[in-house]
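Please open the model in your viewer and keep the sequence beside it, since each stop on this tour begins with something to select. Take the stops in order, and look at each one before reading on.

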Amino acid sequence: MKNRIIEVADQLLMERGYNAFSYKTITETIDIKTSSIHYHFPVKSDLGIAIIQSHQDAFEQTMLRTKDKTPLEKILKLFLYYKRLAAAQKVCIVGALTSDINTLDEKLREKVLTFADSIVEWTASILDEGQNQNIFKPIASPRLKAKILVSTLMALTQLARIENSNHTFEQTLEVLLDEIILKK
């Protein structure tokens with residue numbers, strides 16, 4: 001039941017935002033009492049942290065599955081994640097929570113920041129690895145470029161949702177790749 005609560009809350013968060021759903025909203029989706037949710041998650045921020053942790057776990061699995069891939073394959077995997085979100089008219093968990101960031105309690109804010117930072121760090125490591133293997137162009141600051149890439153991907157999913165179209169998303173991915181891939 002705990003995983004089902006997280007799954008439904010995650011979906012609601014992505015569709016509506018953190019402050020736009022409650023435990024009652026969850027009970028309307030799955031047939032349980034709010035006390036059952038409180039048993040697993042005494043306060044809503046505990047549920048928010050569990051949602052982020054589920055995304056962190058999936059992200060870590062992606063890093064493990066791609067550890068032996070080339071830097072280009074890794075960056076394309078990152079792009080594919082955001083591409084799938086855009087195609088499904090969803091935004092990433094960080095983007096979904098960022099709009100409510102000023103109303104989140106400190107532990108939840110820290111979890112969002114830690115997760116966002118782990119995505120940026122992985123992306124920076126891919127850029128650095130690709131640069132060292134002469135696959136990517138020289139990058140003065142892989143971490144800064146990673147922040148630019150990740151924030152662009154996050155924003156693109158939001159724009160694709162607003163525009164109800166992936167056209168710009170697809171074009172922008174090509175531009176982003178062209179910016180980093182070393183032409184031989």
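Begin by selecting Asn 164, which is found in the loop between helix 8 and helix 9; helices here (H or I, at least four residues) and strands (E, at least two) are DSSP runs, numbered from the N terminus. This is a predicted model, in which local features need pLDDT of at least 70 and side-chain atom pairs count only at pLDDT 80 or more, while totals for chains, interfaces and linings use all residues. Residues are numbered from 1 along each chain as its sequence is written, and side-chain values use heavy atoms, with hydrogens and water left out.

Staying with Asn 164, you will find a positive phi of about 55°, although this residue is not a glycine. Is Asn 164 buried or exposed? It counts as exposed because its relative accessibility is 59%, where buried means under 20% relative accessible area, exposed over 50%, and partly exposed in between (1.4 Å probe, protein chains only).

**The whole chain**

Now zoom out and colour the protein chain by pLDDT, the predictor's confidence in each residue, from 0 to 100. The chain averages a pLDDT of 94, and 100% of the residues score at least 70. Confidence is lowest in helix 9 (residues 167–180), at a mean of 90, and highest in helix 7 (residues 106–132), at 97.

With a cartoon view switched on, you can count nine helices and zero strands in the protein chain. The C-alpha atoms fill a box of roughly 60 × 30 × 30 Å, taken along the principal axes, and of the 184 residues, 43% count as buried.

**Helix 8 and helix 9**

Select helix 8 and helix 9 together, and look at how they lie against each other. Two packed helices are described by the angle between their axes and the distance between the axes. The axes of helix 8 and helix 9 come within 10 Å and cross at roughly 170°, where axes are lines fitted to C-alpha atoms, for helices over the stretch in contact, and angles run from 0 to 180 degrees between N-to-C directions. Helix 8 and helix 9 are therefore roughly antiparallel to each other, given that angles under 35 degrees count as roughly parallel, over 145 as roughly antiparallel, 65 to 115 as roughly perpendicular and the rest as oblique.

Show the side chains, and you will see residues of helix 8, including Leu 149, Leu 153 and Leu 156, among those that meet residues of helix 9, including Phe 169, Leu 173 and Leu 176; contact means heavy atoms within 4.5 Å. The residues of this contact of helix 8 with helix 9 divide into seven nonpolar, four polar and three charged (Ala, Val, Leu, Ile, Met, Phe, Trp, Tyr, Cys and Pro count as nonpolar, Asp, Glu, Lys and Arg as charged, and the others, Gly among them, as polar).

**Helix 1 and helix 4**

Next, select helix 1 (residues 2–16) and helix 4, whose axes come within 9 Å and cross at roughly 90°. That crossing makes helix 1 roughly perpendicular to helix 4. The contact is made by residues including Ile 5, Ile 6 and Ala 9 of helix 1 and Leu 47, Ala 50 and Ile 51 of helix 4.

Keep helix 1 selected and list its buried residues, among them Ile 5, Ile 6, Val 8 and Asp 10. What covers these buried residues includes helix 2 (23–29), helix 3 (34–40), helix 4, helix 6 (93–98) and helix 8 (142–163). Just past the end, helix 1 is followed by Gly 17, whose phi is positive, near 105°.

**Phe 41 and Thr 27**

Move to Phe 41, whose place is in the loop between helix 3 and helix 4. Phe 41 is buried, because its relative accessible area is 2%. Leaving aside neighbours within four places in sequence, Phe 41 is in contact with residues including Ile 5, Ile 6, Leu 47 and Ala 50.

Then select Thr 27 in helix 2, which is buried, with a relative accessible area of 18%. Beyond its neighbours within four places in sequence, Thr 27 is in contact with Ile 32, Lys 33, Thr 34 and Ile 37.

**Two more loops**

Finish with Lys 67, in the loop between helix 4 (44–66) and helix 5 (71–87), which is exposed at a relative accessible area of 52%. The last stop is Asn 134, in the loop between helix 7 and helix 8, where phi is positive at about 55° although the residue is not a glycine. At 47% relative accessibility, Asn 134 counts as partly exposed.
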